Amino acid sequence: MKLIIPWIAFILFCLSVSAQQSSYNPNQPETENVSQPISEQLPVSQDARIDSLLKRHIAMNKRMNGTEGYRLEVFFSSGLKAREEAMSVKTEFLTKYPDVQAYMIFQSPDFKVRVGDFRTKNEALALKDRIKKTYPNAFIVKDIIQFPKLITDKESK
């Protein structure tokens with residue numbers, strides 16, 4: 001009886017080791033479904049409305065003409081000469097900081113001047129620190145920003 005238990009354990013151990021052998025051979029090329037992406041190889045059954053929602057989401061992003069990000073708002077006013085004041089603030093900002101984009105926006109009843117195109121709040125905070133002497137009341141707002149400019153090989157040379 002004492003010998004039967006170790007033999008059973010030994011047989012179970014041998015079976016578990018042989019069950020873990022792999023049939024993968026790195027020298028053998030894979031010929032099946034190499035050209036298709038994995039998403040097309042898997043059978044997926046889903047409601048057809050999911051595809052239409054995905055297409056609608058893509059179309060909305062294209063219409064948005066930008067991406068979500070942050071800007072600094074340096075001026076807003078709804079007074080009688082708010083438009084002229086906003087234009088002068090924008091011009092003044094662009095003369096002091098020509099490397100930063102400035103935008104004049106009208107959101108009824110206010111004219112606003114927002115500056116920068118930042119993908120993260122940290123980037124906006126860096127500009128806020130840079131302009132805090134000139135524009136101490138500037139604050140960060142979420143906005144639709146222009147896509148960042150990509151550096152190409154032609155520009156870097």
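The structure holds four aromatic pairs; rings of Phe, Tyr and Trp (its six-membered ring) pair if their centres lie within 6.5 Å, and planes under 30 degrees apart count as stacked, over 60 as edge-to-face and the rest as tilted. The model is predicted, so local features need pLDDT of at least 70 and side-chain atom pairs count only at pLDDT 80 or more, while totals for chains, interfaces and linings use all residues. Residues are numbered from 1 along each chain as its sequence is written, and side-chain values use heavy atoms, with hydrogens and water left out.

**Exercise 1. Classify the aromatic pair of Phe76 and Phe139, and place it in the chain.**

Step 1. The ring centres of Phe76 and Phe139 are 6.2 Å apart and the planes make an angle of 80°, which is edge-to-face.

Step 2. Phe76 belongs to strand 1 and Phe139 to strand 4, 63 residues apart, and the pair links distant parts of the chain. Helices (H or I, at least four residues) and strands (E, at least two) are DSSP runs, numbered from the N terminus.

Step 3. Phe76 is partly exposed, with a relative accessible area of 48%; Phe139 is partly exposed too, at 31%. Here buried means under 20% relative accessible area, exposed over 50%, and partly exposed in between (1.4 Å probe, protein chains only).

Step 4. Leaving aside neighbours within four places in sequence, Phe139 is in contact with Arg71, Leu72, Glu73 and Phe76, where contact means heavy atoms within 4.5 Å.

**Exercise 2. Describe the aromatic pair of Phe93 and Tyr97, and name the cluster that ring pairs form.**

Step 1. Phe93 and Tyr97 form a tilted pair, 5.0 Å centre to centre with 35° between the planes.

Step 2. Phe93 and Tyr97 are both buried.

Step 3. Ring pairs join Phe93, Tyr97 and Tyr135 in a cluster.

**Exercise 3. Find which face of helix 4 is buried and what covers it.**

Step 1. Helix 4 has 15 residues and reaches 21 Å from its first C-alpha to its last, close to the 21 Å expected at 1.5 Å a residue. The expected span is 1.5 Å times one less than the number of residues.

Step 2. Ala82, Ala86, Val89 and Phe93 are the buried residues of helix 4. Seen down the axis, they fall within an arc of 65°, so they line one face of the helix; the arc is that of the directions from the helix axis to the C-beta atoms.

Step 3. The cover over these buried residues includes strand 1, strand 2, strand 3 and helix 5.

**Exercise 4. Separate the two sides of helix 5 (residues 121-131).**

Step 1. The buried residues of helix 5 are Ala124, Leu127 and Ile131. Because they cover an arc of only 60° around the axis, they lie on the same side of helix 5.

Step 2. Asn122 and Asp129, on the other side of helix 5, are exposed.

Step 3. The buried residues of helix 5 pack against strand 1 (67-77), helix 4 (82-96), strand 3 (110-118) and strand 4 (139-145).

**Exercise 5. Characterise Val141 and its surroundings.**

Step 1. Val141 is found in strand 4. At 13% relative accessibility, Val141 counts as buried.

Step 2. Beyond its neighbours within four places in sequence, Val141 is in contact with Gly69, Tyr70, Arg71, Glu73 and Arg114.

Step 3. From C-alpha to C-alpha, Val141 and Ala124 are 9.3 Å apart in space, with their positions 17 residues apart in sequence.

Step 4. Arg71, one of the contacts of Val141, has its charged end over the ring of Tyr103, 3.8 Å from the ring centre. A charge sits over a ring if NZ of Lys or CZ of Arg is within 6 Å of the ring centre and within 35 degrees of the ring normal.

**Exercise 6. Locate the cis peptide bond, and the residue with positive phi that follows helix 3.**

Step 1. The bond from Ser108 to Pro109 is cis, with omega near 5°. Pro109 is in the loop between strand 2 (102-107) and strand 3.

Step 2. Helix 3 (residues 48-64) has 17 residues and spans 25 Å from its first C-alpha to its last, close to the 24 Å expected at 1.5 Å a residue. Asn65 follows helix 3 and has a positive phi, near 55°.

**Exercise 7. Summarise the chain as a whole.**

Step 1. The chain has six helices and four strands, in the order α-α-α-β-α-β-β-α-β-α from the N terminus on.

Step 2. Of its 157 residues, 21% count as buried.

Step 3. Among contacts between residues at least 6 apart in sequence, 70% join residues at least 24 apart.
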